[in-house]
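Trainee: I have not met this structure before. May we go through it by question and answer?

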Amino acid sequence: MKKTAIFMLSLALVAGMLSGCSGDSSDSSAKDSSSAADSSSVAETSAETSEEETMDDDENYDTGDASLDDIRNQDNIGDNELLVLSFGTSYNDSRRLTIGAIEGDLEKAFPDFSVRRGFTANIIIDHVQRRDNILIDDVDAALERAVNNGVKNLVVQPTHLMHGLEYDELVKEVGNYSDAFDQVVFGEPLLNSDDDFARVEKAITEWTASYDDGETAICFMGHGTEADSNEIYQKMQDLLTKDGYTNYFVGTVEAQPSLDDVLAKVQAGDYKRVVLEPLMVVAGDHANNDMAGDEDGSWKKTFEDAGYEVECLLRGLGENEDIRAIYVDHAKAAIDSLK
């Protein structure tokens, strides 16, 4: 059966890349109202998706107007669907400006494909539905929608940063539906090849060039994972250092390099200011609280207590056009593999 063979080829390619990705990495785990970590499958998958979320029904901050975001769950899909799978975020503005922008660029690039959305984190889906009365498809709902609409060619483009456990879980989950389609193919995550790393380096350094004055340390905060794919953070750090961006530092919330590691490197230099920015597709709970929060333990508070002037850039990687272009290129490679 052609459709099964194509999907198994995709699965084999993913498995091969997982076994050989020494530095290949949207993003994270979710927290419930008691701040317990929640990932859509297993704990180690958290860093491979979009963002950690605080699911607090009593939130007293404005995350933006949810009605401005296109949740892309319309029917009448047609034969060809491009399903964009993300961990998700309940921060409405960030969701629209990052995940929504990626989806929009994919729609422009591939007019013959209907672009649809799926989130892997049901805790986020449920929270947005309770708070905003808007229901975003989870992975199963998105796949059922594709089946019910008679899609023949399904291209799946995750917004993950890396090849890791959750990416592999998605391949398996979509595989349960493979017999319903003629062909199923997967696009690569953001950081897959050496060229991807170089393009991300160029994007983030150009994005922050106005802060690069010789007296400012520019620090990017990723999520981190216990899985081997955590190596992507050190690989990005090594690339930045090798290319002369010695005032750029990469750390993680949950793994290595840690905040303490980044702080020690900054203190070893002669810096007066620190700029903090998430190395995550969206700017959600991690960016707003773990990075830019005013409580003890946040990156902002830690650097302020160490005597630095701190500026936080609350923007996700998905807001960067050059980052989005990498996802478009990965989706194009997947589409081109269709027979």
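**A guided reading**

Mentor: Let us begin with a residue on the surface: at 68% relative accessibility, Asn133 counts as exposed. Please keep in mind throughout that the model is predicted.

Trainee: In which loop is the place of Asn133?

Mentor: Asn133 has a positive phi of about 60°, although it is not a glycine. Most residues other than glycine have a negative phi. The place of Asn133 is in the loop between helix H4 (122-132) and helix H5 (139-148).

Trainee: Is Asn76 buried or exposed?

Mentor: Asn76 also has a positive phi, of about 55°, and is not a glycine. Its place is in the loop between strand S2 (37-38) and S3. Buried would require under 20% relative accessible area, and exposed over 50%. Because the relative accessible area of Asn76 is 74%, the residue is exposed.

Trainee: How many helices and strands does the protein have?

Mentor: The protein comprises 339 residues, and buried residues make up 57% of them. Its accessible surface comes to about 13500 Å², with 44% belonging to carbon and sulfur atoms. As for the elements, the count is 12 helices and 10 strands.

Trainee: How many residues of strand S5 are buried?

Mentor: Consider the two sides of S5 (residues 153-158). On one side are Asn153, Val155 and Gln157, on the other Leu154, Val156 and Pro158, and both faces are covered. S5 is therefore largely enclosed by the rest of the structure, and the number of its residues that are buried is six of the six.

Trainee: Which residue in S6 is the bridge partner of Val156?

Mentor: S5 has strand partners to consider. Six bridges join strand S3 (residues 80-86) to S5 in a parallel arrangement, and Val84 has Gln157 as its bridge partner in S5. S5 also pairs with strand S6 (residues 183-186) in the parallel sense, over four bridges. In S6, the bridge partner of Val156 is Phe186.

Trainee: Which helix makes a right-handed β-α-β unit with S5 and S6?

Mentor: S5 and S6 pair in the parallel sense. The right-handed β-α-β unit that includes these two strands is made with helix H6 (residues 165-175).

Trainee: Why is strand S8 largely enclosed by the rest of the structure?

Mentor: Tyr248, Val250 and Thr252 point one way from S8, while Phe249 and Gly251 point the other way. Residues pointing in either direction are buried. S8 is largely enclosed because its buried residues number five of the five.

Trainee: Which residue in S8 is the bridge partner of Met221?

Mentor: Strand S7 (residues 216-222) runs parallel to S8, and five bridges join them. These two strands and helix H8 (residues 231-242) make a right-handed β-α-β unit. Within S8, the bridge partner of Met221 is Gly251.

Trainee: What is the angle between the planes of Tyr245 and Tyr248?

Mentor: The count of aromatic pairs comes to four. One of them is formed by Tyr245 and Tyr248, at 5.5 Å centre to centre. Planes over 60 degrees apart count as edge-to-face. This pair is edge-to-face, with an angle of 80°.

Trainee: Is Tyr248 buried or exposed?

Mentor: Its partner Tyr245 is partly exposed, with a relative accessible area of 27%. For Tyr248 the relative accessible area is 1%, so this residue is buried.

Trainee: How many residues apart are Phe249 and Tyr271?

Mentor: Phe249 and Tyr271 form an edge-to-face aromatic pair, 6.1 Å centre to centre and with 85° between the planes. The pair links distant parts of the chain: Phe249 lies in strand S8 (residues 248-252), and Tyr271 in the loop between helix H9 (259-267) and strand S9 (273-278). Both residues are buried. Along the chain, their separation is 22 residues.

Trainee: Over which ring does the charged end of Arg315 sit?

Mentor: Two charged ends may be described here. That of Lys235 sits over the ring of Phe197, 4.4 Å from its centre. That of Arg315 is 3.8 Å from the centre of its ring, which belongs to Trp207.

Trainee: How many disulfides does the structure hold?

Mentor: A disulfide is a covalent bond between the sulfur atoms of two cysteines. Cys219 is buried, at 0% relative accessibility, and Cys312 is partly exposed, at 24%. The number of disulfides in the structure is zero.

How values were computed. Residues are numbered from 1 along each chain as its sequence is written. This is a predicted model: local features need pLDDT of at least 70, side-chain atom pairs count only at pLDDT 80 or more; totals for chains, interfaces and linings use all residues. Side-chain values use heavy atoms; hydrogens and water are left out. Rings of Phe, Tyr and Trp (its six-membered ring) pair if their centres lie within 6.5 Å; planes under 30 degrees apart count as stacked, over 60 as edge-to-face and the rest as tilted. Buried means under 20% relative accessible area, exposed over 50%, partly exposed in between (1.4 Å probe, protein chains only). A charge sits over a ring if NZ of Lys or CZ of Arg is within 6 Å of the ring centre and within 35 degrees of the ring normal. Two strands pair if DSSP finds at least two bridges between them. A crossover is right-handed if, with the strands pointing away from the viewer, the path from the first strand over the helix to the second runs clockwise. Accessible areas come from the Shrake-Rupley method with a 1.4 Å probe; for residues, only the protein chains shown count as cover. A disulfide is a pair of cysteine sulfur atoms within 2.5 Å.
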